[in-house]
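Colleague: Could you take a close look at one part of this predicted model, namely the way its segments cross, and walk me through it in a connected way?

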Amino acid sequence: MGVGLISGAVFSLNQPARYVHWHFFDMSVANISLIIAMLIVFALAIVLPFPGARRRAAQRSAGRRG
Amino acid sequence: MSDLSTSNPAAGGPADSELASSWTVRLRESAVRSWPPERLLPDSQPSYVASWIYVFGAATIGALIVVITSGVILGLKGPAWWHDTGVGHFFNSVHLWSVELFFFTMVVHLWGKFFMAAWRGGRARTWISGALIFLIAIGTAFTGYVSQQNFDSQWISTQGKDAMNSVGIGAFFNVTNFGQMYTYHVLLLPAAVVVLVGAHILLVRRHGVVPPLPLGKSDGGPESAAVDGEAGGAPGLGRPEQTMPSPTQTGRPQ
């Protein structure tokens with residue numbers, strides 16, 4: 001399945017939904033894309049540093065030593 | 001009697017014993033004990049909250065505010081407006097996509113809390129209220145889809161009625177009855193979601209934001225145990241007082 005087909009199914013809603021069917025598994029491409037997006041955002045939320053977190057941790061440890 | 005008492009028998013006011021039996025006094029004192037102002041509206045958060053994974057609860061509330069605001073506008077203007085006018089289409093789309101964002105952020109929030117075992121430290125009710133919000137929100141979204149007043153809602157309702165009938169609730173929850181579904185969608189279920197979200201936030205404020213799971217002693221050393229307010233306790237059995245971070249654990253600059 002090409003990228004163009006997937007993106008077309010996701011972004012053009014003016015047509016019947018495309019489905020991925022494999023044995024018992026049956027889900028629209030839009031829903032699969034959404035779940036993958038949620039997994040990516042979840043992983044990024046864990047991995048990416050939060051702005052100012054290091055500065056605050058350094059200030060905290062400095063305060064503990066001082 | 002606490003300092004909240006305003007009794008003055010000499011001036012003809014109620015005696016302390018009368019005040020102690022007053023349900024309003026007991027409720028007020030209980031509320032202040034559970035949520036003192038500095039805990040209800042804190043000026044800093046524990047240092048571990050400085051992570052993107054802690055953002056998604058607030059993001060879900062933000063999306064919910066947009067959902068309710070756009071939904072109120074749609075409800076006031078009516079189906080002809082949201083189907084036939086450009087501005088109506090816009091607000092219809094804002095309502096749909098804010099719901100998508102609401103569920104997106106809520107699911108990421110749920111995953112984060114699940115893998116953090118967020119029911120630890122006496123936070124079981126916080127976890128359960130969150131799970132209830134998730135389930136009721138699904139029903140709210142479903143009744144919204146069958147209240148659209150278009151072919152899509154007809155298709156969904158005629159497919160969904162079989163599921164309702166198969167579990168024996170079709171007589172009470174008739175998905176082909178627009179009036180009933182609309183009442184569920186704009187009043188009963190949103191009210192339940194809003195009340196539970198309020199309770200959820202109050203429980204978070206009472207017990208504090210759940211800390212990350214402690215690292216092993218060889219990995220994190222003493223700091224990992226210090227961050228987790230229930231270190232050494234059994235999961236889920238910690239008292240609220242034990243779970244609140246100490247001032248030295250907060251992110252306030254020292």
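Helix crossings

Modeller: In chain B, the axes of helix α7 (residues 124-145) and helix α9 (residues 178-207) approach to within 9 Å and cross at roughly 160 degrees, where helices are DSSP runs of H or I with at least four residues, numbered from the N terminus, and axes are lines fitted to C-alpha atoms over the stretch in contact, with angles from 0 to 180 degrees between N-to-C directions. α7(B) and α9(B) are therefore roughly antiparallel (over 145 degrees) to each other, and α7(B) passes α9(B) in a left-handed crossing (near helix turned anticlockwise from the far one by less than a right angle; clockwise is right-handed). The residues of this contact divide into 15 nonpolar, 10 polar and 1 charged, with Asp, Glu, Lys and Arg as charged, Ala, Val, Leu, Ile, Met, Phe, Trp, Tyr, Cys and Pro as nonpolar, and the others, Gly among them, as polar.

The model is predicted, so that local features need pLDDT of at least 70 and side-chain atom pairs count only at pLDDT 80 or more, whereas totals for chains, interfaces and linings use all residues. Residues are numbered from 1 along each chain as its sequence is written, and chains are lettered from A and ligands numbered from 1 in the order in which they are written.

Between the chains, the axes of helix α2 (residues 29-47) of chain A and helix α6 (residues 86-115) of chain B come within 10 Å and cross at roughly 50 degrees. α2(A) and α6(B) are therefore oblique (neither under 35, over 145, nor 65 to 115 degrees), and their crossing is right-handed. Met38(A), Val41(A), Phe42(A) and Ala45(A) of α2(A) make the contact with Phe104(B), Val107(B), Val108(B) and Trp111(B) of α6(B), contact meaning C-beta atoms, placed from the backbone, within 7 Å; by class, these are 8 nonpolar, no polar and no charged residues.

Methods
Helix = DSSP H or I, 4+ residues; strand = E, 2+ residues; numbered from the N terminus. Contact = placed C-beta atoms within 7 Å.
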